[in-house]
Amino acid sequence: MPLVPLPLCGGPGRLRAPRRRAAVALGAALLFGPLFPRPALALQPLAELLAAADARNPDAVEAVALAAQRDAEARAALGRLLPSFTARGVYSRNQYEVSAQLPVAGETRTLVIQPQDQWDAFLQLDVPLVDAAAYARWQAQKAGAASASASEEVARLELRKRVVRAYYTVVGAAAFVRASQGSLALAERNRDLVRVRREAQLVSELDAQRANANVERARQDLADAELLLALAERSLETLTRVTPEPTTVPLEESLDEEEPLERWLAVSPRSLAPGKAAEAQVQAAEAAHTASRLALLPTLGASAQQRFTNATGFLGRDAYWTLGATLTFHLDYATIATQSAQRAAAEAARAREDRALRAAQDDIVDAWQRVRAGIPKCRAARAEEVAALRAARLAEDRYASGAATQLDVTQA
């Protein structure tokens with residue numbers, strides 16, 4: 001797992017990790033820092049953007065819906081193991097009515113075998129008694145629901161990582177814009193100074209043209225920076241469905257050393273979201289394989305039916321009940337082939353689990369190494385910013401007094 005501030009990964013010290021990554025991204029922008037002090041950009045609180053992404057991003061919404069779907073499918077599979085009740089009414093219009101005069105209990109009665117207008121009502125209760133395959137399918141659906149829930153956690157984790165990256169990309173891009181604006185202002189001020197000195201015949205035409213070229217180059221840099229910022233803000237808005245509203249409040253980034261790599265690798269990959277999802281997928285595949293094998297066993301069910309009819313027949317009663325039991329055995333080639341397919345699916349799921357566990361540790365190592373390399377880069381960028389500021393001011397002062405050349409100013 002990349003070291004990002006997500007409750008899904010948990011563990012002490014993780015809340016500081018994104019600040020390291022932010023420092024890495026911001027360090028690049030600081031290399032182009034403007035030659036005057038300025039506050040850093042801070043958007044809406046990161047927690048607010050993460051919450052908005054969880055609630056509005058299509059990936060998160062889809063993951064939640066899929067988990068709900070799998071849970072409903074598991075409950076539907078359970079329902080097939082429970083008793084079911086059926087009520088059915090039938091009306092039939094017969095061309096001919098059939099009846100007979102028969103002695104019943106010492107008297108002659110008319111028994112309607114088939115009325116012309118026939119009404120039937122059936123109330124039936126079906127109870128599965130033994131259905132190992134259906135039970136195994138329910139277990140498989142439960143495992144599938146658990147897998148979908150774990151996958152939802154992974155989707156949220158990946159989404160939050162993207163939001164964090166987009167957030168600090170906007171921060172760095174905004175810093176780049178301010179740096180470019182500062183560079184353009186300095187270039188224009190230097191061009192004006194060179195123009196005055198050129199009119200006084202104190203500098204050459206080459207210095208004047210070099211100053212003009214510096215202004216145009218600064219304008220190109222500003223256009224690139226504004227494009228980068230616009231695209232970064234759009235990306236963040238797409239992820240969170242929240243329009244970034246920058247403010248000018250200080251944004252401090254800690255550059256403390258990260259905890260040892262062994263501390264992060266000590267976390268079991270099975271306890272992380274991808275590991276949990278992979279393990280749940282293996283359990284679901286194994287449960288589906290078990291269900292395919294149990295499909296070869298017979299099933300036993302019982303039923304009770306109450307019938308109401310005006311076609312009393314020779315029975316002479318308009319209501320009577322029936323009890324029954326059904327033993328079913330079904331065998332075909334498709335069942336055997338399905339068993340082989342599910343066995344292969346379980347083996348594939350175990351292979352994916354092994355890959356996911358290894359990838360989780362690789363992500364930890366990758367993130368830790370990037371943070372470790374980024375900290376000195378950011379420190380160097382901050383020191384270079386201070387040095388560049390001093391050098392620019394010194395070059396400007398020396399150029400104004402005629403002790404430096406235009407090339408010295410450009411380099412500074």
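## Helices, a sheet and a core

Let's start where two helices meet: helix H4 and helix H7 cross in a left-handed way. Left-handed means that the near helix is turned anticlockwise from the far one by less than a right angle, while clockwise would make it right-handed. The names come from DSSP runs numbered from the N terminus, with helices (H or I) having at least four residues and strands (E) at least two.

Before going on, keep in mind that this is a predicted model: local features need pLDDT of at least 70 and side-chain atom pairs count only at pLDDT 80 or more, while totals for chains, interfaces and linings use all residues. Residues are numbered from 1 along each chain as its sequence is written, and side-chain values use heavy atoms, with hydrogens and water left out.

### H4 and its two partners

H4 covers residues 132-199 and H7 covers residues 273-294; their axes come within 8 Å and cross at roughly 165°. (An axis is a line fitted to C-alpha atoms, for helices over the stretch in contact, and angles between N-to-C directions run from 0 to 180 degrees.) That is why H4 and H7 count as roughly antiparallel to each other. The label is used for angles over 145 degrees, with under 35 called roughly parallel, 65 to 115 roughly perpendicular and the rest oblique. As for what sits in this contact, H4 and H7 bring together 18 nonpolar, seven polar and three charged residues. Here Ala, Val, Leu, Ile, Met, Phe, Trp, Tyr, Cys and Pro are nonpolar, Asp, Glu, Lys and Arg are charged, and the others, Gly among them, are polar.

H4 also packs against helix H5, at an angle of about 160° and with the axes 7 Å apart. H4 and H5 are therefore roughly antiparallel as well, and their crossing is left-handed. The contact of H4 with H5 holds 23 nonpolar, nine polar and 11 charged residues.

### The nonpolar core

Which residues touch the most other members of the largest nonpolar core? They are Leu 46, Val 163, Tyr 167 and Leu 236, out of 30 residues in that core. A nonpolar core is a set of buried Ala, Val, Leu, Ile, Met, Phe, Trp, Tyr and Cys residues joined through side-chain atoms within 4.5 Å. Helix H2 (46-56), H4 and H5 (205-240) each give at least two residues to this core. H4 provides the largest share, 14 residues. Grouping like this fits a broader pattern: in soluble globular proteins, nonpolar side chains tend to be buried together.

### Buried or out in the open?

Here is how four residues compare. Buried means under 20% relative accessible area, exposed means over 50%, and partly exposed is in between (1.4 Å probe, protein chains only).

| Residue | Relative accessible area | Label |
|---|---|---|
| Val 163 | 0% | buried |
| Asp 131 | 23% | partly exposed |
| Arg 241 | 40% | partly exposed |
| Glu 245 | 54% | exposed |

Val 163 lies in H4, and its C-alpha atom is 9.7 Å from that of Thr 238, although the two are 75 residues apart along the chain.

Glu 245 belongs to the loop between H5 and helix H6 (261-265). How many residues along the chain separate Glu 245 and Leu 43? The count is 202, yet their C-alpha atoms are separated by 5.8 Å. Arg 241 is found in the loop between H5 and H6 too. Arg 241 has a positive phi of about 60° although it is not a glycine.

### The sheet

Now for the strands: four of them form an open sheet in the order E1-E4-E5-E6, paired antiparallel. Strands E1 (84-93) and E6 (319-328) are the edges, each pairing on one side only. Ignoring direction, neighbouring strands are turned by 20° against each other on average. Strands of a sheet pair through backbone hydrogen bonds, either parallel or antiparallel.

Two strands count as paired if DSSP finds at least two bridges between them. E1 and E4 (residues 117-130) are joined by 10 bridges, with Arg 93 opposite Asp 117 in E4. E4 and E5 pair over 10 bridges, and there Leu 123 faces Gln 306 in E5. Finally, 10 bridges link E5 (residues 299-309) to E6, where Thr 299 has Thr 328 as its bridge partner.

Thr 328 turns up once more. Its C-alpha atom is 9.8 Å from that of Asp 131, while the two residues are 197 apart in sequence. Asp 131 itself sits in the loop between E4 and H4.
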